Amino acid sequence: MDFYHSNNSQQQQQQQPQYVSSSGQADMMSYTYQHEQEQVPAEANYNRSTEGFPKSALDRATAAKLKVESYYKTALDQAIERKQRRKALEQKLLTEPGSDEKKHRQLQSLGRKESQYLRLRRTRLGLNDFVTVKVIGKGAFGEVRLVQAGDTGKIYAMKTLKKSEMLKKDQLAHVKAERDVLAESDSPWVVQLYFSFQDAQYLYLIMEFLPGGDLMTMLIKYDTFSEPVTRFYIAEIVLALEAIHSLGYIHRDIKPDNILIDQAGHIKLSDFGLSTGFRKTHDSQYYQRLLDGTHESVPAGQESISLNILSTKEKIATWKKNRRALAYSTVGTPDYLAPEIFLQRGYGQECDWWSLGAIMFECLCGYPPFCSENPHETYRKIMNWRESLVFPDDQPISREAEDLIRRLICEPENRLGRNGVADIKAHPFFYGVNWQGIREEPSPHVPQLRSITDTSYFPTDELDTIPDAVDGADHGYAMDNVNTQKDLAFVGYTFKRFDYLTKKNIL
């Protein structure tokens, strides 16, 4: 014991600081500073400038940063979702009758599903996991195919987007926004996204198949709808837009092409390629900074504007003839876009209500209110909407219908819905609509299907030239270092829906 205290005392004495006078201390500090300056090279000032680094090193650093950020953001989001699912089940069990043992088994069942879901997330989905049944749609940047899962035999709609076209047309922000809104939405009014993945050439969205086609095909077939039928579909679109807006998104591209019909005849919104949630990854400039000079899109309106004067009927006939071709083009049709979108002075969710008014006009009159033989004249009409919005004399509609259209196609500050969807629901045109249970009511048009792969409501005859199989060849894209760097824009695109995998008894 004495030996221990003796040694410990000596160590403490050795470790105690040696005090000196103030002048001596200053001399020691000066000596120490000079000594450090002599020993430490000037380069040890931790200058964080990247000047002098090769571009390949900077690219690798950017790639690592994005992947790490994406990994931890995904892990954090999943942890939050797991906690929310656990909390929701616990709250539900508090109000449900049953023994404690039964409730404990339900909690254990959720735990097993969570574990299985984590294992499933680590499995890689690829194009080889799905077999194409038929091409059912074509877009500006890819196709939509009816596919069957190789393991379960389930039927899906697979949307493919070509990466090179996304980069060339500066669509990176749009494709990210579409993936985000589909992944976040669990609404019956929005087409369900089950999986998303990618390879060197394409992005893939595996979604539910809606066999009833789209509203555009119905309008082309029937020309006009009666007011009761119009009321039904417009009311459902109102509820669908309410669901999107409640998530903080603006669709910005509401048109009959993007309104799909399910097997019961009810509508669901699709194609969120122009939607935005006002996040940094939904901004094109984010990707331009990321990629250090992406391909800029060609400014619209550089072509000459046709001034040929046609009669109203001739213009409508020309518009209908070109309608499907416009749907397939990269330019698309601006017939349903609000003027504030063109002005780019800032806009909110009210721009979707303008599109609703344009669709309602078409349902009742047989053509959009500003249709023309080319997009540029349509643009001019939309910007001059006060004089261009004319209701046809040969297609009379009720005062309530015309009033609703005029209150949707107007200035943003006066537009119905700017203060909430309740104003639209309260309009006299919707008198008698069962807003709470409309999706359980019979639809005026129920698709007559022969099988689960029936595509008779899709214009597939126009798509015969498109090969059934996706062309997965590299074509030099993945071998190009520049394109490999640009592929960083698609980091974090993969998605698997927990609710679908658990509720559908897939796990």
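1. Let's start with Arg252. At 16% relative accessibility, this residue counts as buried, because the cut-off for buried is under 20%. You'll find Arg252 in the loop between helix 8 and strand 6. Have a look at its backbone too: phi is positive there, at about 70 degrees, although Arg252 is not a glycine. Keep in mind as you go that this is a predicted model.

2. Now the overall picture. The chain has 18 helices and 8 strands. Of its 507 residues, 44% count as buried. If you take the contacts between residues at least 6 apart in sequence, 72% of them join residues at least 24 apart.

3. Next, helix 7, which covers residues 215-222. Which residues of helix 7 are buried? They are Leu215, Met216, Met218 and Leu219. Looking down the axis of helix 7, you'd see these buried residues fall within an arc of 160 degrees, so they line one face of the helix. The N-terminal end of helix 7 has a cap, Asp214, with a side-chain oxygen 3.2 Å from the backbone nitrogen of Met216.

4. Go to the other end of helix 7 and you meet Asp223, which comes just after the helix and takes a positive phi of about 70 degrees. Like Arg252, which is not a glycine, Asp223 has this positive phi without being a glycine. Asp223 sits in the loop that runs between helix 7 and helix 8. Is Asp223 buried or partly exposed? With a relative accessible area of 35%, Asp223 is partly exposed.

5. That loop brings you to helix 8, residues 227-246. Val229 is one of the residues in this helix, and it is partly exposed, with a relative accessible area of 22%. Why doesn't Val229 count as buried, with its 22%? Because buried means under 20%. Val229 also gives you a nice long-range pair to check: its C-alpha atom is 8.9 Å from that of Cys363, though the two residues are 134 apart along the chain.

6. Take a look at the loop between strand 6 (259-261) and strand 7 (267-269), where His266 is found. His266 is buried, with a relative accessible area of 4%. Which side chain makes a polar contact of 2.6 Å with the side chain of His266? That partner is Glu236. Glu236 also turns up in the list of residues touching His266 once you leave aside neighbours within four places in sequence; the others include Phe232, Leu260, Ile261, Ile438, Arg439, Glu441 and Ser443.

7. Gly265 is in that loop between strand 6 and strand 7 as well. Its relative accessible area is 0%, so Gly265 is buried. Not counting residues up to four places away in sequence, Gly265 touches Phe232, Tyr233, Ser443, His445, Val446 and Pro447. Try finding Pro447 in the viewer: it is 182 residues from Gly265 in sequence, yet the C-alpha atoms are 6.3 Å apart.

8. On to a helix pair, helix 12 (residues 350-365) and helix 15 (residues 399-408). Their axes come within 8 Å and cross at roughly 145 degrees. The crossing is left-handed. Helix 12 brings Trp353, Trp354, Leu356, Gly357, Met360, Phe361 and Leu364 to the contact, while helix 15 brings Ala401, Leu404, Ile405 and Leu408. What kinds of residues make up this contact? There are 10 nonpolar residues, 1 polar and no charged.

9. Stay with helix 15 for a moment. Its buried residues are Ala401, Leu404, Ile405 and Leu408. Seen down the helix 15 axis, they fall within an arc of 100 degrees, so they line one face of the helix. These buried residues pack against helix 8, helix 12 and helix 16 (422-425).

10. Last one: helix 13, residues 375-383, where Glu377, Thr378 and Ile382 are buried. From a view down the axis, the buried residues of helix 13 fall within an arc of 140 degrees, so they line one face of the helix. What caps the N-terminal end of helix 13? Asn374 does, with a side-chain oxygen lying 3.0 Å from the backbone nitrogen of His376.

Notes: Residues are numbered from 1 along each chain as its sequence is written. This is a predicted model: local features need pLDDT of at least 70, side-chain atom pairs count only at pLDDT 80 or more; totals for chains, interfaces and linings use all residues. Side-chain values use heavy atoms; hydrogens and water are left out. Buried means under 20% relative accessible area, exposed over 50%, partly exposed in between (1.4 Å probe, protein chains only). Helices (H or I, at least four residues) and strands (E, at least two) are DSSP runs, numbered from the N terminus. The arc is that of the directions from the helix axis to the C-beta atoms. A polar contact is a pair of N or O atoms within 3.5 Å; within protein, one must be able to donate a hydrogen and the other to accept it, and residues adjacent in sequence count only if both atoms are side-chain atoms. Axes are lines fitted to C-alpha atoms, for helices over the stretch in contact, and angles run from 0 to 180 degrees between N-to-C directions. A crossing is left-handed if the near helix is turned anticlockwise from the far one by less than a right angle, and right-handed if clockwise. Contact means heavy atoms within 4.5 Å. Ala, Val, Leu, Ile, Met, Phe, Trp, Tyr, Cys and Pro count as nonpolar, Asp, Glu, Lys and Arg as charged, and the others, Gly among them, as polar.
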